[in-house]
Amino acid sequence: MANGINNFKFYRSFRVRSEMNDKIFLKISLIGENNIGRTLSTDTRLVDFNLFSLSFKSSVQIPIGSRIKIEIFTKKIFNKWDLEVEGNVIRSFQENSEKKTFNYGVELIDQTEESELKYFITDYISGFSGKKLKDFLIKSSLSVREINVDDGVELFGLLTVLYREFSNSNINEILDQCAHILHCEEVRVWKINLEKDKLENIYHDSNCTHIKDNSFNKGELGKCFTTARCINTFLKEPKERDEDKFTLENTLCLPLLNKERKCIGVLQFNNKKGGQFSIADENMGHFLSLVVAKKFFNYIVKSKSTSIAHLNPELKDAFIYFGSTQKSSAIRSTLKKLKYGKTNVNIVGEKGLGKEFFAKYLSNNSEKDIFNCEDPAQLQKILNDTPQFSSSQTLILKNIDKLNYEDQKSLYNWIQFQDCKFITTSCRDLIYEVQIGKFNKLLFKKLTQSRFHLTPLRNRREDILTIAKYFIKIECGKRNLPLRELSPESMQFVMTHHWSGNITELEKLIKKSFMVSNNNTETIELEIKEIRGFKSIEDKLIFSSDNSIHPNKIMEMINNSIKTGKAS
């Protein structure tokens, strides 16, 4: 397993590329019991290099695994250099079958920041022109080699070697290599236990065999698991583990995904030797997590009792926010982050967009209470009869924009003594309400640490058919009918209708079509309403504007549109 991963790591690393006119010369000698000092090649060209590795071209065949000495000398640059380094040949491929040219990759041995090679590299880069230096800095800051067409065969060969070595390696061997590659003190694999709703440490490369289970939504492991994203943390205050007194100083966590692309665990690297985990470590960690995840590729999450809702296939994440576009996918990702965070969220949008549905989703299955601020009696119940909420609870306040100014101040005073998460919904933009003095600024800051704006259905034409098909599938399932499709006329209507009632209006219209239709029909005929025409651009803007945006802002849009039209 070591050769394949080291080979791939070498391929992905960033190295300074040398030019033919730099006149850097190499002399390669084989090191070994019977080959001390035996020169292999003087007809050698340096391709690229960094402090820990280099590659060169030669017409001489050198076996992989060979220990070699490389003498580097120059006749140009600022100074004349003459130094030597040692390393192991970890990769080779034939670049040109006709000329029999071989490209070799060498992992250098015993190189530190005080080695002579470092000063050679510094001197070499100092001779760059302004443009060349700029390009070099951009590439080095990205720290990952770009893959072009010419690399295709080589990369395919590398992945083939990796797959073959992986198939013959057990998980403990892989973890040992992971620790070596990322230069860290410890590597652990955590897998979700659906019956306990806990992350269990099932594999490790350290001597401590028993580590207590972790909550799936707390700490660095929980952040990585619930968001399926890389978590790289340097602890200001090191934590000591009770089980073995291991002191955790920094940690890098990568998600483990199954064949359904659902997170089923975490690959954790602890304590980077000599510092903290870098961007380059994150990139390599992502690759290693794919290798480890292969061992759990067929692990499917099917438990209905688990509170890990985002892993339950019965709860389709694709419809947390309807739509199949890239924008919809990005919004779903944002919603997941808000769900597992502790920030207070304000959801704003027109009626019929499912604001309460999203509020319940963002409560993350915690104990929740729902109050409608439109009802004065419910507000008084919150202020006078409701006990103090704990940090594990969520309070959902619907129609927060309906409160008068005095009630807003009373609510703000009450909130100061609560530890729970607040999720509020409103049909009006609270930012504008604060600007014109209709909404308490302090209450706004408290309740809107994060804001989520729902777009009207008429302004999401690319998602309407996807949403309609979803409701049709549900209705067909309820009635044990084969899946139906919209008729051409209904499809045209769906795509052009105004949808003032948004998703709720669409859902009701589809339900009604099933109630009045013949069960033997293959298509769905919706009740088609008159499609309105527009006499002017102002009429069109007013008609299709977002009602949750204040009319004054809409007028600004109209005026800007008129000015633009006159200018053109």
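Helices here are DSSP runs of H or I with at least four residues, and strands are runs of E with at least two, both numbered from the N terminus. With that in hand, W499 can be placed in the loop between helix 15 (488-496) and helix 16 (502-516). Welcome to a quick tour of this predicted model. The protein has 18 helices and 21 strands, and 46% of its 568 residues count as buried.

**Overall picture**

- Among the contacts with a separation of 6 or more, 68% are made by residues 24 or more positions apart.
- The protein has an accessible surface of about 30,600 Å², and carbon and sulfur atoms account for 50% of that.

**The six-stranded sheet**

- Six strands make an open sheet with antiparallel pairing, in the order 11-10-9-14-13-12.
- The edges belong to strand 11 (214-215) and strand 12 (231-240); each has a single partner strand, so one side of each has no neighbour in the sheet.
- Helix 6 (residues 219-227) packs on this sheet, where it touches strand 9, strand 10, strand 11, strand 12, strand 13 (247-257) and strand 14 (263-272).
- The direction of helix 6 makes about 140° with that of strand 14.
- Helix 7 (residues 279-293) lies across strand 9, strand 12, strand 13 and strand 14, and runs at about 55° to strand 13.

**Inside the sheet: strands 9, 10 and 11**

- Strand 9 (residues 184-193) pairs with strand 10 (residues 198-204) in the antiparallel sense, over six bridges.
- Two positions help you find the register: W190 stands opposite N201 in strand 10, and K191 stands opposite E200 in strand 10.
- The two strands form a hairpin with four residues between them, and D197 in the turn has a positive phi of about 55°.
- Strand 10 also pairs with strand 11, again in the antiparallel sense, over two bridges.
- For that pairing, look at L199, whose bridge partner in strand 11 is N214.

**Strands 4, 5 and 8**

- Strand 8 (residues 101-108) is mostly covered, with seven of its eight residues buried.
- Strand 5 (residues 53-58) runs antiparallel to strand 8 and is joined to it by six bridges.
- K57 has N103 in strand 8 as its bridge partner.
- T44 belongs to strand 4 (residues 44-49).
- The relative accessible area of T44 is 10%; buried means under 20%, so T44 counts as buried.
- Beyond its neighbours within four places in sequence, T44 is in contact with L26, I28, F56, K57 and S58.

**Helix 8 and helix 9**

- Helix 8 (residues 326-339) has 14 residues and reaches 20 Å from its first C-alpha to its last, close to the 20 Å expected at 1.5 Å a residue.
- The buried residues of helix 8 are S328, I331, R332, L335, L338 and K339.
- Viewed down the axis of helix 8, these buried residues fall within an arc of 120°, so they line one face of the helix.
- The buried residues of helix 8 pack against strand 15 (345-348), helix 9 (355-362), strand 18 (421-426), strand 19 (450-453) and helix 14 (461-478).
- In helix 9, the buried residues are K355, F358, A359, Y361 and L362.
- Those residues cover an arc of only 160° around the axis, which puts them on the same side of helix 9.
- The packing partners of the buried residues of helix 9 are helix 8, strand 15, strand 17 (393-398), strand 18 and strand 19.

**Backbone points worth a look**

- N364, just after helix 9, takes a positive phi of about 60°.
- H183 is not a glycine, yet it has a positive phi of about 55°.
- You will find H183 in the loop between helix 5 (171-182) and strand 9.
- H183 counts as partly exposed, at 39% relative accessibility.
- W499, the loop residue from the opening, also has a positive phi of about 55° although it is not a glycine.
- Is W499 buried or exposed? At 0% relative accessibility, W499 counts as buried.

Methods: Residues numbered from 1 in each chain as written. Predicted model: local features only at pLDDT ≥ 70, side-chain atom pairs only at ≥ 80, totals over all residues. Heavy atoms only, no water. Buried < 20%, exposed > 50% of the residue type's maximum accessible area, 1.4 Å probe, protein only. Contact = heavy atoms within 4.5 Å. Areas by Shrake-Rupley, 256 points an atom, 1.4 Å probe, with all protein chains shown as cover. Expected span 1.5 Å × (residues − 1). Arc of directions from axis to C-beta. Pairing = 2+ DSSP bridges. Axes fitted to C-alpha atoms, helices over the stretch in contact; angles between N-to-C directions.
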